[in-house]
Amino acid sequence: MDSNTINETLLKGERVMLECKKAKAEVPKSIWQTYSAFANTIGGMILLGVDEDLQEKDVSKRFQIIGVDEPLKIVTDFWNTLNSDKVNENILVDSDVEVVNVDGAQIVCIHVPQADWRAKPIYLNSNVYKGTYRRNNEGDYHCTEAQVKAMIRDSNADGNDSILIEYYGMDDIDSDSLRQYRTEFRQENSTHVWNQVDDKTFLRNLGGYAEDRQTGKEGLTLAGLMMFGKGLAIRDRFSNFRMDYLDMSHLVGDERYHDRLTYDGLWENNLYQFFRIVSPKVQFDLPRPFKLEKGGKRNDDTPQHEAVREAFTNAIIHCDLMADAGILRIEKHDDRLCFRNPGLLKLPVEAIYRGGNSKARNPKIQNMLRMIGFGENVGSGFPKIIAAWKETNWGEPKLLNKLDIDEVELVLPVPFLKANSDIAPVIAPVNAPVNAPVKLNKTQIAIVNAIINDKSATYDDLSVIVGIHRTTVMRNIRTLKEQGVIRRVGEDKNGYWEVLLDIKNVD
């Protein structure tokens with residue numbers, strides 16, 4: 001630090017990362033609350049010898065440099081107390097404390113870094129629940145018991161999702177979810193030895209089932225229950241946690257949203273089903289350039305599609321599943337995609353942007369998703385997202401650490417969503433009059449294309465292919481029938497679909 005840096009810092013007046021105290025002759029008692037708060041939040045700078053007028057609106061007039069009388073004594077007293085039992089851990093090094101001359105006044109500068117996730121919480125007076133502080137725009141405040149427990153959970157080197165959930169076993173697993181996952185696993189890992197074992201052994205190998213050798217207890221882990229559990233079992237055990245998807249793009253009139261996936265009893269609300277159903281929805285509007293691989297197979301994936309899947313995966317694996325009133329929420333707007341998960345960042349934001357380091361809250365779930373082709377486990381996920389968005393010139397992704405609500409939000413700008421209406425070009429059934437055009441939205445076009453590829457497709461098949469609810473498929477099928485676009489030939493069980501549309505007009 002030097003005088004110019006201090007003056008520039010004061011002019012910015014960033015309250016979250018700056019604390020100024022008079023401290024003429026001694027170390028202020030309140031400095032330890034700030035030390036704890038900075039360490040448990042995102043770090044910050046304490047300046048002793050600077051008076052701050054909190055009522056002053058003009059930042060250039062808010063701070064007055066008055067200096068301290070005995071800077072060396074203050075520094076010595078600070079170090080002595082820091083290394084005592086006043087705080088549970090000293091996370092500073094010698095270079096973090098220095099004396100700087102500013103216009104003839106001696107200022108003591110103390111840089112407090114964000115504590116390593118394994119060291120949190122940093123607390124005072126040997127009392128973790130009453131002596132833990134965090135920082136917000138208003139200053140230092142006592143952490144709630146829930147916030148302290150969250151930091152303690154995050155300090156576990158093995159993550160949060162390996163804990164054994166007592167009284168929950170294989171009867172609480174949704175058989176369809178596990179079967180679908182094992183099919184994906186087999187496709188991705190065709191020669192893996194786990195393909196030959198029974199479901200319980202398979203889950204144990206994945207980290208979804210555990211046995212406590214000391215107590216003899218066994219059952220599902222948090223990862224196993226949340227990924228593959230029955231919705232009712234999950235809600236019984238973790239009623240605080242919710243999953244929610246909202247499509248608020250292309251709204252008409254006073255619509256609040258036109259597609260939503262939440263707890264409505266129509267799906268098994270586990271993480272695997274949420275990811276499987278919502279992932280196609282959130283990628284649906286992204287452009288897919290036509291590209292053929294060797295052998296004539298179409299490849300319409302792009303770095304942006306991969307980045308969106310990575311963002312979705314990250315929201316799941318970094319989610320605090322035991323947070324009070326936690327919501328894993330995915331939102332689709334006209335100009336952006338938003339991925340929100342409960343729990344603050346475990347690593348500093350700059351470290352996440354650099355990549356090369358991964359500290360997932362849910363490493364077992366991370367591995368489960370990785371084994372079917374989703375997510376990175378070496379810290380390259382966020383740089384991949386940045387690189388994919390840089391190619392497009394759509395705008396810079398924003399990673400927001402929302403300290404006030406204990407939530408992380410990743411915002412991906414997608415400006416073309418607003419420009420491209422979801423109403424397709426006007427097309428008409430082959431047997432319709434020339435003056436009777438039909439407008440199909442993109443969901444309906446996707447259904448038609450799926451039927452063209454498989455005229456025997458069931459409602460369930462179309463739900464998976466298009467990535468929408470079965471009820472949404474049925475509603476759109478009914479519309480397509482009424483408009484004369486398709487018709488059903490034969491019975492529901494043994495019949496097939498016939499498309500009455502000039503398919504050259506379908507994108």
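**Exercise 1. At roughly what angle do the axes of helix 6 and helix 10 cross?** Work out how to describe the pairing, then list who makes the contact.

*Solution.* Keep in mind that this is a predicted model.

- Step 1: find the two elements. Helix 6 covers residues 175–188 and helix 10 covers residues 271–283.
- Step 2: get the geometry. Two packed helices are described by the angle between their axes and the distance between the axes. Here the axes come within 10 Å and cross at roughly 60 degrees.
- Step 3: name the arrangement. That angle makes helix 6 oblique to helix 10, since the roughly perpendicular class runs from 65 to 115 degrees.
- Step 4: add the hand. The crossing of helix 6 and helix 10 is left-handed.
- Step 5: list the residues. Helix 6 brings Ser177, Gln180, Tyr181 and Glu184 to the contact, while helix 10 brings Tyr272, Gln273 and Arg276.
- Step 6: sort them by character. The contact splits into two nonpolar, three polar and two charged residues.

**Exercise 2. Take helix 11: decide how its span compares with expectation, and whether the helix is largely enclosed or not.**

*Solution.*

- Step 1: count and span. Helix 11 runs over residues 303–317, which is 15 residues, and reaches 21 Å from its first C-alpha to its last.
- Step 2: compare. At 1.5 Å a residue you'd expect 21 Å, so the span is close to that.
- Step 3: check burial, with under 20% relative accessible area as the cut-off. In helix 11, 13 of the 15 residues are buried, so the rest of the structure largely encloses it.

**Exercise 3. Walk along the loop between strand 6 and strand 7 and pick out the backbone oddities.**

*Solution.*

- Step 1: place the loop. Strand 6 is 105–112 and strand 7 is 133–136, with Pro121 in the loop between them.
- Step 2: look at the peptide bond. Lys120 and Pro121 are joined by a cis peptide bond, with omega about 0 degrees.
- Step 3: move on to Asn125, in that loop too. Its phi is near 55 degrees, a positive value in a residue other than glycine.
- Step 4: now Ser126, another resident of the loop. Phi of Ser126 is near 60 degrees, again positive in a non-glycine residue.
- Step 5: is Ser126 buried or exposed? At 62% relative accessibility, Ser126 counts as exposed.

**Exercise 4. Sum up the whole protein chain in a few numbers.**

*Solution.*

- Step 1: secondary structure gives 18 helices and 18 strands.
- Step 2: the C-alpha trace spans about 95 × 60 × 45 Å along its principal axes.
- Step 3: of the 507 residues, 48% are buried.
- Step 4: take contacts between residues at least 6 apart in sequence; 64% of these join residues at least 24 apart.

Terms used. Residues numbered from 1 in each chain as written. Predicted model: local features only at pLDDT ≥ 70, side-chain atom pairs only at ≥ 80, totals over all residues. Heavy atoms only, no water. Axes fitted to C-alpha atoms, helices over the stretch in contact; angles between N-to-C directions. Helix = DSSP H or I, 4+ residues; strand = E, 2+ residues; numbered from the N terminus. Parallel < 35°, antiparallel > 145°, perpendicular 65-115°, else oblique. Left-handed = near helix turned anticlockwise from the far one by under 90°. Contact = heavy atoms within 4.5 Å. Nonpolar A, V, L, I, M, F, W, Y, C, P; charged D, E, K, R; others polar. Buried < 20%, exposed > 50% of the residue type's maximum accessible area, 1.4 Å probe, protein only.
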